[in-house]
Amino acid sequence: MSEMDMYRVDEEEEEFYEAIRILLMAIQAVIYVLYDLVLSIPDESISRPLTRRPVTSNGYIYMNKILDGDPYIFREVYRMYPDVFRKLCVIIKEKTPLQNTRHICVEEMLATFLLVVGQNNRYSEPRMIFERSHFTVSRSFNKILKALNTIAPEFMAKPPPPDTTPPNIRESTRFYPFFKDCIGAIDGTHIPATVVGREVSRYRNRHGKISQNVLAACNFDLQFIYVLSGWEGSAHDSKVLNDAISRRNGLKVPAGKYYLGDCGFPNRRRFLAPFRGTRYHLKDFCGGEGNHPVNAVELFNLRHASLRNVIERIFGIFKSRFTIFKSAPPFPYKTQAELVLACAGLHNFLRQECRSDEFPPEPEDDPVENEEDNFQWDDFQTQEQQRDNANQWRMSIANQMWAEAQANANNVNNDNEESDHEGEE
């Protein structure tokens, strides 16, 4: 390297270090200015609001007070009487891991849950009553939801033994012996749902509303036997049923028994549907003498609808007791589906503990006669064979009903003629 090049390198290094020295002096000057500014601020403490509520025992005090108060007011607010509430708390403590915490008891957690699902309140109401934070109320709600879903299978009703007939059928000449092997009814109901994202259209039902399609089977004692929630509102009832019977822990139908279904389900030996293309709904047979059944098919549909009406009643009572299902719950969709199962188990528990305590049923929408072409059954017989066998079986029941009804009508007419003849003599 020449002397000229070495001179240029030394000159560039001197300029670099000079720039660094000037920069450090500038930083030092800024620090001095900030230091003087801090010293000029008055020495006063800055108050910051608390982000957490202080721990309180108001929840214990409130629960003890209301449980010892008017039972009818308690039942109106919490959807059950105090003694039933206490029993449910004991069951939760014994059969689930949920226990009292240091500051919140199970009674307060359950009351929080019931306020939300029974009164359709948001978290603001329990927050004011128990003086808890939003986080605490949310955690209590989800703890009870998890606990109720744990014990819900135990609350589900069991099908009757194979050799028994439900009393509602056995004690009625309208239904016995025609429906002697029937163990209940099935149907689907739509519950408003909150869904976000691109999948909203899948949850839009035939009324154009966002909902989940819930399939349920019940007995004639107004208790749920099986509940499947979470299906999209656009799903066909028969598709939901196919999913229910194909699951490992799904809907089981004992051998030789069957459920009653409406026209939304195909007619099969395990699920007896009414005749299509003729009167079916109970209101179609009301209004006077001219609305009575005129043939075997109409008589079968009338008695089928009368017996199957139990599923409409249980849906009405269910939605009336738990009013959160009247509108879309503001929870993740998975939580919305779990809520249905938890409340179905809770309904059965309340039905077992206080049978006479029924809420006025909400009217259900009339079912639509859907087609069954897309329904698939996983069985040894083909769909046509199953349909033909079930249709013949249904027609034999209808003919047997009509023959007995005609015979009874003739006996009544003969008795009236004999009475008139004796009166003339």
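# Exercises on a predicted protein model

The protein has 12 helices and 5 strands in its secondary structure; helices (H or I, at least four residues) and strands (E, at least two) are DSSP runs, numbered from the N terminus. This is a predicted model, in which local features need pLDDT of at least 70, side-chain atom pairs count only at pLDDT 80 or more, and totals for chains, interfaces and linings use all residues. Residues are numbered from 1 along each chain as its sequence is written, and side-chain values use heavy atoms, with hydrogens and water left out.

## Exercise 1: helix 9

Task: decide how far helix 9 is enclosed, and find what covers its buried residues.

Solution.
- Start with the term. Buried means under 20% relative accessible area, exposed over 50%, and partly exposed in between (1.4 Å probe, protein chains only).
- Now count. Helix 9 spans residues 237–246, and 8 of its 10 residues are buried, so it is largely enclosed by the rest of the structure.
- Name them. The buried residues are Asp237, Ser238, Val240, Leu241, Asn242, Asp243, Ala244 and Ile245.
- Look at the cover. It includes strand 1, strand 2 (211–218), strand 3 and strand 5 (271–272).
- Set this beside the protein: of its 425 residues, 43% count as buried.

## Exercise 2: two isoleucines

Task: place Ile92 and Ile324, then list their contacts beyond four places in sequence.

Solution.
- Contact means heavy atoms within 4.5 Å.
- Ile92 is found in helix 4 (residues 82–95). Ile92 is buried, at 0% relative accessible area.
- The contacts of Ile92 are Leu98, Val106, Leu110, Ile144, Ala147, Leu148 and Ile151. Leu148 is 56 residues away along the chain, yet the C-alpha atoms of Ile92 and Leu148 are separated by 7.6 Å.
- Ile324 lies in the loop between helix 10 (296–321) and helix 11 (333–353). Ile324 is also buried, at 0% relative accessibility.
- The contacts of Ile324 are Val116, Val117, Asn120, Pro329, Phe331 and Leu339. Between Ile324 and Leu339 there are 9.5 Å, C-alpha to C-alpha, and 15 residues in sequence.
- Finish with the whole chain. Among contacts with a separation of 6 or more, 69% join residues 24 or more positions apart.

## Exercise 3: backbone exceptions

Task: find where the backbone departs from this rule: most residues other than glycine have a negative phi, and most peptide bonds are trans.

Solution.
- Take Arg79. Its phi is positive, near 65 degrees. Arg79 sits in the loop between helix 3 (71–78) and helix 4. At 8% relative accessibility, Arg79 counts as buried.
- Take Asn120. Its phi is positive too, at about 55 degrees. Asn120 sits in the loop between helix 5 (106–119) and helix 6 (124–130). With a relative accessible area of 23%, Asn120 is partly exposed.
- Now the peptide bond. From Tyr176 to Pro177 it is cis, with omega near 10 degrees. Pro177 lies in the loop between helix 8 (167–170) and strand 1 (182–192).

## Exercise 4: salt bridges

Task: trace the salt bridges that Lys93 and Lys95 form.

Solution.
- A salt bridge is a side-chain nitrogen of Lys or Arg within 4 Å of a carboxyl oxygen of Asp or Glu. By this rule the count is 15.
- Lys93 pairs with Glu107, with 3.2 Å between the closest N and O atoms. The pair links distant parts of the chain: Lys93 is in helix 4 and Glu107 in helix 5, 14 residues apart.
- Check their exposure. Lys93 is partly exposed at 24%, whereas Glu107 is buried at 17%.
- Lys95 pairs with Glu154 (2.9 Å, N to O). Glu154 lies in helix 7 and Lys95 in helix 4, so the pair ties together parts that are 59 residues apart in sequence.
- Both partners are partly exposed: Glu154 at 45% and Lys95 at 44%.
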